[in-house]
Amino acid sequence: MFYYPIMLNIKSKKILIIGSGKVAERKLKSLIGKGADITVISTEISDKIRSFSKIQEIKLIERQVDSDMMDFISSFYLVILATDDRSLQDYISERLNEKSILYLRADDKDSSFISPSSIEMENLCISISTYGKNPGSSIYLKNLIQEKLDLDNINRKIGLLSEIRDLIKLNYDEISDRKKLLSEIQDYSIDELYDYLSTLRNRKA
């Protein structure tokens, strides 16, 4: 496989979604709240997409997309192609690939990246991908993880461990000491982590 797993920082990045169907709606929903500068262009903008613009400012352009718009399309950091016109998507994706611009196709053709099925929380993101071979399996595994693991508890623990890590860095100069301490507390309960955090805070004071 040629895909490299990565978490992409899209804050203030210009992202274009071409299309306004169910797939475009799902992709747009996944981008909401991540600080991106989002534009949606389609012959007709769906009511669902218009409703998202009440949550976050989104530029909506209602017009036909054609090959003459490549200068405009190429001005974006990332492009999501979610139309029913495969020949148009073939043309746009080829041009974007030549310019090394990230793009995702909602059909079965190759894209420059894959959007995995994800569980997103304040301190935790779990992503599952089958490399596009069977998206249904990704959804199945996502649901299985949510069913079997107490993700709320894990999310809280990671938040506490983050605070503890910052205080350990202030209290201990040796990297080996920091790693040892952080390793020792990974299995602590929430209450034990709160007690440990309180001890570090008092030491700092």
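Two strands are taken to pair when DSSP finds at least two bridges between them. In this predicted model, strand β1 and strand β4 (residues 78-81) meet that criterion, being joined in the parallel sense over four bridges. Within this pairing, isoleucine 18 has leucine 81 of β4 as its bridge partner.

Strand β1 also pairs with β2. The two strands run parallel and are connected by five bridges, and leucine 16 is found opposite threonine 39 of β2. β1 thus has parallel bridges to β2 and to β4. The surroundings of the strand can be described in terms of burial, for which the limit is a relative accessible area under 20%. Of the five residues of β1 (residues 14-18), four are buried, so the strand is largely enclosed by the rest of the structure. As a general point, side chains in a regular strand alternate between the two faces of the sheet.

The connection from β1 to β2 involves a helix. Together, β1, α1 and β2 form a β-α-β unit, and this unit is right-handed.

Two elements of that unit reappear at a pocket. Rolling a probe the size of a water molecule over the atoms shows where empty space is left. The second largest pocket holds about 210 Å³ of space. Its lining consists of 17 residues, and those nearest the centre are Gly19, Ser42, Ala82, Thr83 and Asp84. The elements that supply two or more residues to this lining are α1 (22-31) and β2 (37-42). Of the elements, α1 contributes the most, with three residues. In chemical character, the lining of the second largest pocket comprises seven nonpolar, seven polar and three charged residues.

The discussion now turns to charged side chains. Side chains of opposite charge can pair when their charged atoms come close. Over the whole structure, 10 salt bridges are found. One of them joins glutamate 120 to lysine 34, with 3.0 Å between the closest N and O atoms. This pair links distant parts of the chain, since glutamate 120 belongs to strand β6 (residues 117-120) and lysine 34 to the loop between α1 and β2, a separation of 86 residues. Where do glutamate 120 and lysine 34 stand between buried and exposed? Glutamate 120 has a relative accessible area of 48% and is therefore partly exposed, and lysine 34, at 34%, is likewise classed as partly exposed.

A second salt bridge connects helices. Glutamate 163 and arginine 201 meet through their side chains at 2.8 Å, N to O. Here too the pair links distant parts of the chain: glutamate 163 lies in helix α6 (residues 151-171) and arginine 201 in helix α8 (residues 190-204), 38 residues apart. Glutamate 163 counts as partly exposed at 36% relative accessibility, as does arginine 201 at 45%. In addition, Asp90, Arg105 and Asp107 are joined into one network by salt bridges that share partners.

A further salt bridge is formed by arginine 63 and aspartate 66, whose closest N and O atoms are 3.3 Å apart. Arginine 63 is partly exposed, with a relative accessible area of 37%, and aspartate 66 falls into the partly exposed class at 26%.

How values were computed. Residues numbered from 1 in each chain as written. Predicted model: local features only at pLDDT ≥ 70, side-chain atom pairs only at ≥ 80, totals over all residues. Heavy atoms only, no water. 1 Å grid on protein atoms, 1.4 Å probe; cavity = no way out; pocket = protein on both sides within 12 Å on 5 of 7 lines; lining within 4 Å. Points joined across faces, edges and corners; volume = space filled by probe spheres on them. Nonpolar A, V, L, I, M, F, W, Y, C, P; charged D, E, K, R; others polar. Buried < 20%, exposed > 50% of the residue type's maximum accessible area, 1.4 Å probe, protein only. Right-handed = clockwise from strand over helix to strand, strands pointing away. Salt bridge = Lys/Arg side-chain N within 4 Å of Asp/Glu carboxyl O.
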